[in-house]
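User: I would like to go through the strand assignments of this model and the reasons behind them. Please start with the rule for pairing.

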Amino acid sequence: MTDPNRSILLTISRDEVPIGEVRAFTVDSLSIVISHLSNKVWGAVENLCSHDNGALGDGKLRRGDIVCPRHGASFDCITGKVKSLPAVKSVAFFEASEDDTGQVHISRSSGASNGNQ
Ligand code: FES
């Protein structure tokens, strides 16, 4: 169920990101990586690796983590928490949910970090 009080930043169709893949989308000046983990399970984090600004949207999903294509750091694709070196700081995350029509809504999370753990 969509919370009417939250601010939706971006809406995509579920078909835009196949299960098991990630895609980067830009809204205003914000680049967001959307991950499709499994049926109706989505994640969204900022598209900027905290190690050295790699584009996480060019990375791959591995067991629920996004692996940075530059030096291999990984981040939880839902919470943005750093999971492996060389990154040591988490990345900001967003709420991602699919409605009954197959639209995926990305919104700011009340718990979104600014990249710090
Ligand atoms: S820029 Fe992502 S691991 Fe180095």
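Analyst: Two strands count as paired if DSSP finds at least two bridges between them. The model is predicted.

User: What makes strand E6 and strand E7 a pair?

Analyst: The cut-off is at least two bridges. E6 (residues 65-67) and E7 (residues 74-76) are joined by 3 bridges, so they pair under that rule, and the sense is antiparallel. As one example, Asp-65 has Asp-76 in E7 as its bridge partner.

User: Which sheet holds E6 and E7, and why are E5 and E8 called its edge strands?

Analyst: The sheet is open, has 4 strands in the order E5-E6-E7-E8, and its pairing is antiparallel. Strand E5 (60-62) and strand E8 (82-84) each pair on one side only, which makes them the edges. With direction ignored, neighbouring strands in this sheet are turned by 35° against each other on average.

User: How do you know that E2 and E3 pair, and what lies between them?

Analyst: At least two bridges are required, and 6 bridges join E2 (residues 22-27) to E3 (residues 30-38) in antiparallel fashion. Therefore the pair meets the definition. Arg-23 is bridged to Ile-34 in E3. The two strands form a hairpin with 2 residues between them, and in the turn Asp-28 has a positive phi of about 55°.

User: How many helices and strands does the protein chain have?

Analyst: The count is 0 helices and 10 strands.

User: What share of the residues is called buried?

Analyst: Buried means under 20% relative accessible area; 42% of the 117 residues of the protein chain count as buried.

Key. Residues numbered from 1 in each chain as written. Predicted model: local features only at pLDDT ≥ 70, side-chain atom pairs only at ≥ 80, totals over all residues. Heavy atoms only, no water. Buried < 20%, exposed > 50% of the residue type's maximum accessible area, 1.4 Å probe, protein only. Axes fitted to C-alpha atoms, helices over the stretch in contact; angles between N-to-C directions.
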